[in-house]
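Please take a moment with the sequence and the structure shown here, and then follow the paragraphs below through a few of its strands.

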Amino acid sequence: MTDYSFQDIEQKWQKEWKENEVYKTSDDSSKPKFYVLDMFPYPSGAGLHVGHPLGYIATDIVSRYKRAKGYNVLHPMGFDAFGLPAEQYAIQTGQHPAITTEENIKRYKSQLRNIGFSFDWNREVQTCDPSFYRWTQWIFSQLFNAWYDNESNKARHLNELIEEFESAGNLKVNAACDEEVLEFSASEWNDFSDKQKSDILNSYRLTYHAEAVVNWCPELGTVLANDEVKDGFSERGGYPVERKKMRQWMMRITAYADRLLENLKNLDWSTSMKEMQSNWIGKSNGCELKFQVDNSEILLSAFTTRPDTIYGVTYMVIAPEHELVPELTTDSQREKVEAYVKSAINRSERERMAETKSVTGVFTGTYVLNPYTEEKVELWVADYVLAGYGTGVVMAVPSSDDRDFRFATKFKLPIRCVIDGTEELENPTEKKHGKIINSGILNDLDSEKAIEVIIRDAEKRGIGKEKINFKIRDAVFSRQRYWGEPVPIYFNEGIPKLIPDEELPLLLPDVDEYKPTETGEPPLARAEDWKYKGKYDYETTTMPGWAGSSWYFLRYMDAGNEEEFVSKSKADYWQSVDLYIGGTEHATGHLLYSRFWNLFLYDMGFISHEEPFQKLVNQGMIQGRSSIAHRLKDSNKFISLGLKDKRDTVPIHVDVKLVSNDELDIEAFKKWRPDLADAEFETEEGKFICGWEIEKMSKRLYNVVNPDDIIKDYGADTLRLYEMFLGPLEQSKPWDTNGIDGVHRFLKKLWNLFHSKKGFVLSEDEPNSDELKILHKTIKKTEEDIDRLSFNTSVSGFMICVNELSSLKCNKRAVLEPLLIVLAPFAPHIAEELWAKSGNQESILDQPFPRFEEQYIKEEAHEYPIMINGKLRTKIEFQLDATQDFMKEETLKSEVVQKWLEGNDPKKVIIVPKKIINIVV
């Protein structure tokens, strides 16, 4: 019998597929399209581990399946190639990040090809390629030249706004803009200087220059996004992060907050993912009320969703970074406040929002007047209030808000109940709504009516206004890095100007070092004679990592186009991504920014679809299965797992390459590290057994499994099937190489269906009903499973199918060839090989998916379990068209049933069709 030489087979077909460009996608609009995409990877120096391909294998199965179903499938791959790791390596070694990135991409592509993915590499994009980031810069330019018209609820070109200013000023303009915008007439606009006009337009642009509080990491020399900071330290490197004000480019994503929220309803995303974005956007309907500072002309505004509780305000809270904190702090409290502010502002907004249990704060020494009770209440500074949300000031009602209650309790501040029935409660915040009490004009009204009344009253008195608020903040777009897209801006007398489109891309200049200058300027400031037209300073910050990833999915549609970022006709054909697979960690970063940019490009007429990703699936994580050797404390002696009970041992992580089925290769272990060369071992019958832990796959824990090693030992088809077999796609699960042998044996069993001792053998005989039933059950199950993305159950189905066909000794072409087509999306190499050996000239890739025929799996009879008083006593087979009366009569005639009835008539006979017969005696 011919052996299953998986290495030769896989290398042969990968070479064949590459040379013949079998995965090259045409823009054939005669076919229905299906666009399937993975979140493209950052090419790290470590390469892929077995956890990375999980989502890629899933999308590859869907891509191949849809192709067999007659779709024109777009399944591209590229690289999110700008990133901090390559820049850090450049700072350490002096090697240009482009060289490091190119080497890493080369390795990634080799690993991806070894797994047999059906990517169309002709459409590959790399965000660091000037031919790509030319268009990232172009999109930035479009945003710079656009504003958001609230009346038409869409972005428009800035020229239209300027025309409005020239003819009527801005008094009637309803736009998404800065909070404080100067009002002016047409004549005043026309009299403004160029610098004044630039500053005003900056308040309206969708990308604008502003002072912003950012996460500054001195060690990395750059600003970090909120999702790159954890517990006050950088996610990469664990360096301290400070909150400081810096001049930054910003993206006015807040203009799209309502549409980003509303459009979620129409997306096929998980509920949890929608909730993450919805909570991050954080829409609130409420009222903004004004509070007079005691003995001052300063008015503080506070946004609240519960203005009906205004009479319950017993103190006020201001954000640590609020610009008025120094002015509102009395001399006696200044030292305490300044120390608190310094500590608080270095925590990221995300941390402060997530912290719900502990509360901290300091009294400023200042009092504020409640506009309805005229009572003086203390003004505190506390980090649970954010300067960027609402007004940065909160009216505290400890009887109705959980955090206010904890704060008031801790600092012994007054608590006044304003909801009927809360006075008797130990924690009055347990009751949020009801009849209003102790509240002047609101007494006896229910909460909902009281909100309406107080808003109208506040507006009438000029002390408040109805308002919609959002938690989401405009996105910081500047990074103090070298390795990123240059911002296509130069400055003429302090006025930012765009580099003309025809002069793009603006290339990264050469620098002597890749770190900030001695004076703290970004690395691009090191470039010698780098000026526009030789005289105007360029912007020296670069774009963030999310810039290129916010539109790359559009470039795949038309990757070679040198005239447009994507042609309108191709964007109209491919539309939204039909299936997008990636991790949940991108919920409030990439996925939100991509939606924002896509909506903007839609508004401007460049594309015809609002949302980029129609269906999103978040794959789970493949965790590492760490191997643990137990060393006797204060010695170099290791104790096998079964012998360590109650002995004082220290767990040591062992490289998983040195362990097979939990048995340690002792000699290899001794050579692993110098300190282990003279180690002693207490074994179990000559074997040293390791313990294990399920942990994140990490080099530090020595539990990283390289897919190249699996492919070398078992083959790519085994890897593909095993990753799917581990469990449901969306769930996290541990990698356990111990189970991979079973999947590999399955492929050998499939191979043996086509081979005998004489070699390759296929019978031309007609299949019998049992064989057709097995085949069509598998076709039906595989279709249903792929449509549900339930790939693990498909693999189980294939195993059952091959086992059943093997027991029938089936080698019939009419059964095995359709089975190969069904299996090909999962295990393409062995399927292609057996297909070719069967005498087929065309690739299996071009074969239509077999049609499921109901007639072949239709049951004619069913074997019923006969239960008597809850216990199984026998089984009887009945035809499916048998009547219940007939079934009851025949069941009661049965000798076994008669025996257990003991001459008694049954109280009940319950027949559940095609399931069971219950007899109650």
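In the hairpin of β14 and β15, which residue takes a positive phi? The model is a predicted one, and in it E374 has a positive phi near 60 degrees, within a hairpin that has 6 residues between its strands. The two strands of this hairpin, β14 (residues 362–369) and β15, pair in the antiparallel sense over 5 bridges, and V362 stands opposite V381 in β15. Strand β15, which covers residues 376–381, is also joined by 4 bridges to strand β13 (residues 315–318), and these two run parallel; here Y315 stands opposite E378 in β15.

Elsewhere, an open sheet of 4 strands can be followed in the order β2-β1-β23-β24, with parallel pairing. Its edge strands are β2 (72–74) and β24 (616–618), each of which pairs on one side only, and from one strand to the next the twist averages 15 degrees. Within this order, β1 (residues 33–38) and β23 (residues 579–582) run parallel and are joined by 3 bridges, with D38 standing opposite I581 in β23. Helix α2, made of residues 53–68, lies across β1, β2 and β23, and runs at about 170 degrees to β1.

A further place to look is strand β37 (residues 908–912), where V912 is found. Together with I910 and V920, V912 makes a nonpolar surface patch of about 190 Å². V912 can belong to such a patch because its relative accessible area is 33%, whereas the cut-off for patch residues is over 30%; with that value V912 counts as partly exposed.

Conventions. Residues are numbered from 1 along each chain as its sequence is written. This is a predicted model: local features need pLDDT of at least 70, side-chain atom pairs count only at pLDDT 80 or more; totals for chains, interfaces and linings use all residues. Side-chain values use heavy atoms; hydrogens and water are left out. Patches are made of residues with over 30% relative accessible area and no salt bridge: like charges are joined within 9 Å, nonpolar side chains (Val, Leu, Ile, Met, Phe, Trp, Tyr) within 5 Å. Accessible areas come from the Shrake-Rupley method with a 1.4 Å probe; for residues, only the protein chains shown count as cover. A salt bridge is a side-chain nitrogen of Lys or Arg within 4 Å of a carboxyl oxygen of Asp or Glu. Buried means under 20% relative accessible area, exposed over 50%, partly exposed in between (1.4 Å probe, protein chains only). Two strands pair if DSSP finds at least two bridges between them. Axes are lines fitted to C-alpha atoms, for helices over the stretch in contact, and angles run from 0 to 180 degrees between N-to-C directions. Contact means heavy atoms within 4.5 Å.
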